[in-house]
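Got this structure open in front of you? Let's go through some of the labels people put on it and see where they come from.

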Amino acid sequence: MVTYFNGDYVADDDAKISVRSRAINYGLGCFGGIRGYLADDGQQVLVFRLADHVTRLQRSAAVIFLRLPGTHAEISEILLELVRRNEVHHDVYLRPLVFSNSERLAPVLREEDSFFVAYSMPLRRYIDKECIDVCVSSWRRVSDNAIPARVKPTGLYLNSALARREAFDNGYDEAIFLTETGKVSEGSAEHIFIARRGVLYSPPSTEDNLDGITRRSIIDLAADLGIPFTERSIGRSELYTSDEMFLCGTGAEITPVRSVDRRVLGDGGIGPLTKRLQTYFADVVRGRVERRRDWLTPVWA
Ligand code: PMP
C-alpha cells in the first residue's frame with residue numbers, strides 16, 4: 001500500500017514524521033474522512049460526495065491557517081490517484097490530513113509549515129453492531145469558541161476520545177455530547193437524528209458540532225422518501241422519549257440506537273424510519289439510485 005506524502009506516493013512504512021513535529025506535540029492539523037463504496041459490478045469504486053469533503057477540508061485548513069498543496073481539483077485527483085495506486089476494489093476509507101510539521105517549540109500556526117498526507121484503508125463497518133447502546137457523556141462538547149468544532153481539527157479529537165473511553169468503560173457503545181449549555185450536540189464522530197410521531201429531528205450545526213456531510217445527505221434522502229424533517233435544538237430528555245434514534249457519519253453511516261442511558265427506545269429494535277433510510281442510503285452509495293448518482297465519483301474509468 002502507498003501513502004501520499006507531501007508530493008510523492010511512498011510505501012506506507014516510509015511515510016514517517018519526526019517526534020518533534022508540532023502535529024504530534026500540539027495536535028496542530030486537520031483532516032477529512034471519505035468513503036468509497038464498491039459498486040454492484042464488483043469492480044468500480046464510487047467515492048461518496050468527494051467534492052463536498054474536499055471543500056470542507058479546504059475550509060478546515062483555512063480556519064487553522066494551514067495550506068493545501070493545490071486547488072480543489074488537484075486535491076481530489078490526489079485522492080483518486082491514491083485509490084488507483086492501491087488497486088482498490090473494495091469498500092475503502094480515505095484519510096487526507098494536513099498538519100504543521102515544524103519541529104520548533106511553541107504551538108504556532110503558519111501556512112508555510114503545512115504538510116499534506118493521505119492514506120487509504122479497507123473499511124466495512126465503523127461501529128460493529130446492528131443497534132447500539134449510548135450514554136450522555138459527562139464530558140461536554142468543546143465549544144466552537146475554544147476549538148473550531150464546525151470543521152475537523154485533529155486536536156479536537158481528544159474531546160471525542162475522552163468521551164468514547166468513558167462510554168466504553170461504562171459498558172456503552174458510544175457517547176453523546178451535550179453543549180456547555182446542555183443542548184444535544186453530536187456523538188464522538190457522528191451526528192444525531194431522533195424520530196417522534198413520524199417526524200425526524202436533528203440539531204443544527206450551531207450546536208458546537210461538525211458541519212456534517214452524511215447529515216446533510218440524510219436530510220435530502222428523507223425528502224426523497226417523503227419523511228418530514230425539522231432542524232432544531234434537542235434537549236437531553238427528548239433522547240429518552242424519542243420513538244427512534246440513529247447516529248450518522250462517514251464512518252458510522254446510519255447506526256441505529258437501541259437505548260440512551262439505559263432507557264430503551266421504541267420496542268428496542270431498528271425503528272421503521274431508520275430502516276427505510278438505512279436501506280435507501282445503502283442503495284444510494286452503491287450507485288443504484290439514478291437521481292443521486294451525482295453524489296458519486298467513480299475511481300476507475
Ligand atoms: N461529528 C464528528 C465530530 C465527526 O468527526 C464526524 C466524522 N467526520 C461526524 C460528526 C460525521 O460527519 P460526516 O458525515 O461529515 O462524516
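Q: What makes the pair between a polar side-chain atom of Thr-250 and an oxygen atom of the ligand a polar contact?
A: This is a predicted model, and in it the two atoms lie 2.5 Å apart. A polar contact needs a pair of N or O atoms within 3.5 Å, so this one counts. Overall, the protein buries 96% of the 380 Å² that the ligand exposes when taken alone.

Q: How do you know that Lys-152 has a polar contact with the ligand?
A: Look at the atoms: an N or O atom in the Lys-152 side chain sits 2.8 Å from a nitrogen atom of the ligand. The cut-off is 3.5 Å, so the pair qualifies.

Q: Which part of Ile-213 lies 2.8 Å from an oxygen atom of the ligand, backbone or side chain?
A: The backbone: one of its N or O atoms is at that distance from the ligand oxygen.

Q: Why is Asn-6 called partly exposed?
A: Its relative accessible area is 35%. Buried means under 20% and exposed means over 50%, so Asn-6 falls in between. You'll find Asn-6 in the loop between strand E1 (2-5) and strand E2 (8-11).

Q: Why is Phe-65 called partly exposed?
A: Phe-65 has 47% relative accessibility, and exposed starts over 50%, so Phe-65 stays in the middle class. Phe-65 belongs to the loop between helix H2 (50-63) and helix H3 (72-85).

Q: What makes the phi of Phe-65 worth a look?
A: Phe-65 has a positive phi of about 60 degrees and isn't a glycine. Most residues other than glycine have a negative phi.

Technical notes:
Residues are numbered from 1 along each chain as its sequence is written. This is a predicted model: local features need pLDDT of at least 70, side-chain atom pairs count only at pLDDT 80 or more; totals for chains, interfaces and linings use all residues. Side-chain values use heavy atoms; hydrogens and water are left out. A polar contact is a pair of N or O atoms within 3.5 Å; within protein, one must be able to donate a hydrogen and the other to accept it, and residues adjacent in sequence count only if both atoms are side-chain atoms. Accessible areas come from the Shrake-Rupley method with a 1.4 Å probe; for residues, only the protein chains shown count as cover. Helices (H or I, at least four residues) and strands (E, at least two) are DSSP runs, numbered from the N terminus. Buried means under 20% relative accessible area, exposed over 50%, partly exposed in between (1.4 Å probe, protein chains only).
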